[in-house]
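Q: Can we go through this structure together? I would like to start with one pairing and then move around.

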Amino acid sequence: MSDDLTLWYDRPAADWETQALPIGNGALGAMVFGGVASERIQFNEKSLWTGGPGSSGYGSGDRTGPRPEAIAEVRARIDRDGRMAPSAVAATLGRPRSGFGAYQPFGDLWLDVPDAPAGPTGYRRELSLREAVARVGYSSGDVTYSREYFASHPGGVIVGRISADRPGKVSFTLRTSSPHPDGRVSVADGRLTVRGTLADNGMTFEAQVQVVTRGGSRTDGTDRVTVTGADSAMFVLSAGTDYADAYPSYRGPDPHARVTAAVDAASARSFSRLRAAHRRDYGQLFDRVRLDLGQRVPAVPTDRLRAAYTGGASADDRALEALFFAYGRYLLISSSREGSLPANLQGVWNDSTSPPWSADYHVNINLQMNYWPAEQTNLAETAVAYDRYIQAMVAPGRKTAQEMFGSRGWVVHNETNPFGFTGVHDWASAFWFPEAAAWVTQQMYDHYLFSGDTAYLRDTAYPVMKGAAEFWLDNLHVDPRDGTLVVSPSYSPEQGDFSAGASMSQQIVFDVLTGSLEAARTLDVDSAFQTEVTAALARLDRGIRVGSWGQLQEWKSDWDDRGNPHRHVSHLFALHPGRQIVAGTPEAAAARVSLTARGDGGTGWSKAWKINFWARLLDGDHAHRMLSEQLRSSTLDNLWDTHPPFQIDGNFGATSGMAEMLLQSRHGTVHVLPALPSAWPTGSVTGLRARGDVTVDVSWRNGSGERITLRPGRTGTVKVRAALVSGDHRVRDETGAAVSPSRDGDTLTWNAQAGRTYTIVSKDTAAPEHPGGQDPHGCR
Ligand code: FUC
């Protein structure tokens with residue numbers, strides 16, 4: 001009876017963070033509790049933030065300081081002493097943070113049910129990942145009650161339906177509550193409106209909920225709507241603010257017209273039509289990828305499935321892993337769609353007025369990790385919100401670059417908000433990270449590498465990448481120790497001393513310079529810039545050094561401590577998500593030494609990153625061990641990742657890591673099943689994406705690839721590496737015609753045509769397609 005991609009529970013949620021179930025459409029999010037006597041639906045709208053313009057003391061990122069002279073002073077001290085304590089750097093370069101703000105909860109919807117059964121039977125609360133619908137069901141006597149909720153992207157609304165299998169059995173009172181004293185509630189014609197202005201920054205917010213009934217009666221109260229004896233009832237909720245991603249005011253039109261139009265349009269349609277439109281929209285993204293790990297879903301609730309998980313060989317364990325993979329994709333679709341801000345530290349879900357780390361955009365790993373699965377797992381559309389956000393950051397980031405550094409380009413530091421906070425604060429161990437701007441452009445270049453979309457590269461990615469590169473052209477410093485170009489002051493997040501040329505800094509600068517040079521060449525633009533970047537790359541310290549105990553050094557000086565278990569493993573950026581280190585090289589061996597020394601612990605996102613690292617080291621079993629560590633000790637009952645507390649990056653990082661175990665595409669090669677763990681002997685995946693605009697399906701049996709299908713979106717050379725290529729195999733196109741690639745060990749190369757389908761089949765493991773017959777197309 002159990003669908004393999006449904007989270008379900010046999011009781012209502014008692015706790016927001018660990019038990020309630022998330023739905024969302026990018027801009028709107030809601031958490032469903034499923035209470036019988038009182039249903040709570042806590043909801044959010046992504047732009048409702050305190051802080052920024054209008055908030056007292058907002059410095060738009062403290063751009064009036066520090067001055068370039070202050071940076072020069074720190075550089076000089078580092079040149080002289082080799083290092084500087086974070087507290088001393090923060091005292092010189094930091095500024096108290098004010099008006100940064102925090103992501104806010106919008107409010108709660110409550111459905112109070114009169115005469116609710118004290119002992120309902122058959123209670124079930126679920127979230128179907130295939131449908132993106134949350135449901136609650138129970139029976140009492142001979143009546144079965146059902147509730148269904150979803151967040152529609154095309155409709156811009158959250159929709160709920162309360163029904164029973166007998167007529168006249170639906171009665172409830174719908175009301176709202178809000179943590180913001182500035183909101184006022186009014187009711188007319190079954191529509192409840194909450195409207196107000198945040199005292200902190202003057203941001204206007206408005207939510208409307210329309211109740212539509214079938215049968216029975218609907219009565220307006222002053223602050224609630226009561227439904228009595230209906231056959232069924234639907235509510236439609238929308239919410240918005242006057243936030244706009246427009247520097248420097250960050251305000252746009254009043255939300256009233258938009259919210260009214262969305263609620264009017266949705267409430268004029270039937271529940272089933274709204275749901276059908278939602279499922280078409282969602283399914284068009286979600287259904288692109290299917291993963292079969294040999295899971296068999298036992299008939300136990302998801303919290304018990306997780307509690308019983310061992311990371312061993314059972315089909316139940318595979319069920320949780322496959323569910324977790326799909327959940328990452330579900331959460332990304334639900335928290336990041338075009339037309340709103342990108343997924344923050346909690347996606348779009350937050351119930352606290354002072355959430356952990358403000359539920360902001362941390363850019364020393366977290367925001368980037370959120371988007372790792374976007375391209376690989378065929379959800380590139382979710383990154384449109386990200387692109388837009390990064391583009392909007394460039395204007396304030398240019399001002400920060402000019403005023404703080406006296407340089408070209410643009411910059412952002414350790415964390416940011418929706419109001420262009422691109423400067424610094426003064427928390428010594430996590431404030432200085434100008435490398436972030438370069439790092440956040442990596443996803444944009446990657447979108448080009450995955451899609452081959454040159455117009456996107458020219459119009460969207462390249463200008464942002466170029467600005468991030470220019471910043472470093474102006475800010476690299478000649479290291480008096482060896483004459484190379486280094487970042488100084490440089491800090492490996494979030495530990496150790498400041499120094500010159502920490503490995504991560506150098507690797508990120510290498511990445512942005514290399515990427516923007518490639519992009520300028522591809523677009524055939526900016527020859528002076530190309531010359532400048534080429535010259536800088538020739539002198540750049542690449543940030544890759546093997547140290548005294550065989551480790552990859554975290555700093556330019558060999559300061560690494562073997563016993564250091566810090567959650568950040570920043571110096572392995574070059575392995576993942578960077579491009580410099582490839583498996584099988586001495587640098588990769590050193591990365592393995594460092595990773596082994598760091599151990600398998602860490603916060604949720606740290607474990608998730610380690611899945612990706614081990615996958616890139618082609619060690620499937622260790623990657624799987626990290627996945628199981630994350631599932632066993634960093635995953636909540638609702639399968640949210642926990643730092644602790646809840647932080648969504650680990651969900652996305654784990655989904656990305658699982659994809660990296662199955663498919664990698666770096667340096668022009670599509671590597672199929674690069675890190676298949678022994679725990680996944682037999683399975684298949686369809687619809688993963690590889691750089692070079694190729695969609696890949698693969699099935700495997702007993703640990704060996706059986707069949708690989710490639711669908712290139714562009715004509716050109718395709719290079720496929722797979723273990724099955726070393727054995728007896730054949731390659732055909734969709735007409736059955738033989739393709740004759742050239743082979744080098746386990747790698748095939750041929751000129752692929754856009755729109756065709758190429759299949760590589762192992763003759764060792766596959767059932768023969770022409771039983772009894774000789775395969776005329778065998779390629780060896
Ligand atoms: C980084 C991490 C913390 C946390 C925060 C949101 O600073 O070091 O662990 O994840 O982001």
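**Strands, ligand and single residues**

A: His-729 has Ser-762 as its bridge partner in strand 31. Helices (H or I, at least four residues) and strands (E, at least two) are DSSP runs, numbered from the N terminus.

Q: Before we go on, what kind of model is this?

A: This is a predicted model: local features need pLDDT of at least 70, side-chain atom pairs count only at pLDDT 80 or more, and totals for chains, interfaces and linings use all residues. Residues are numbered from 1 along each chain as its sequence is written, and side-chain values use heavy atoms, with hydrogens and water left out.

Q: OK. How many bridges join strand 28 and strand 31?

A: Five bridges, and strand 28 and strand 31 (residues 758–762) pair in the antiparallel sense. Two strands pair if DSSP finds at least two bridges between them.

Q: Is strand 28 mostly covered or uncovered?

A: Mostly covered: five of the five residues in strand 28 (residues 729–733) are buried. Buried means under 20% relative accessible area, exposed over 50%, and partly exposed in between (1.4 Å probe, protein chains only).

Q: Which way do the residues of strand 28 point?

A: His-729, Val-731 and Asp-733 point one way, Arg-730 and Arg-732 point the other way, and all are buried.

Q: New topic. Which residues are around the ligand?

A: Leu-345, Trp-357, His-362, Asn-364, Asn-366, Glu-494, Arg-567, His-568, Trp-605, His-643 and Gln-647. A residue counts as near a molecule if one of its heavy atoms lies within 4 Å of it.

Q: And by class?

A: The shell around the ligand has three nonpolar, six polar and two charged residues. Ala, Val, Leu, Ile, Met, Phe, Trp, Tyr, Cys and Pro count as nonpolar, Asp, Glu, Lys and Arg as charged, and the others, Gly among them, as polar.

Q: What polar contacts are there with the ligand's oxygen atoms?

A: Among them, an N or O atom in the side chain of His-568 is 2.5 Å from a ligand oxygen. A polar side-chain atom of His-643 lies 2.6 Å from an oxygen atom of the ligand, and for an N or O atom in the side chain of Gln-647 the distance to a ligand oxygen is 2.9 Å. A polar contact is a pair of N or O atoms within 3.5 Å; within protein, one must be able to donate a hydrogen and the other to accept it, and residues adjacent in sequence count only if both atoms are side-chain atoms.

Q: How much of the ligand does the protein bury?

A: The protein buries 98% of the 290 Å² that the ligand exposes when taken alone. Accessible areas come from the Shrake-Rupley method with a 1.4 Å probe; for residues, only the protein chains shown count as cover.

Q: Next, where is Asn-638 found?

A: In the loop between helix 16 (620–633) and helix 17 (649–662).

Q: Why is Asn-638 called buried?

A: Because its relative accessible area is 0%. Not counting residues up to four places away in sequence, Asn-638 touches ten residues' worth of neighbours that include Leu-7, Tyr-9, Trp-16 and Tyr-327; contact means heavy atoms within 4.5 Å.Q: What does the side chain of Asn-638 reach?

A: A polar atom of that side chain lies 3.0 Å from the backbone oxygen of Ala-20.

Q: Last one: is Ala-307 buried or exposed?

A: Ala-307 is exposed, because its relative accessible area is 59%. Ala-307 lies in helix 5 (residues 302–307).
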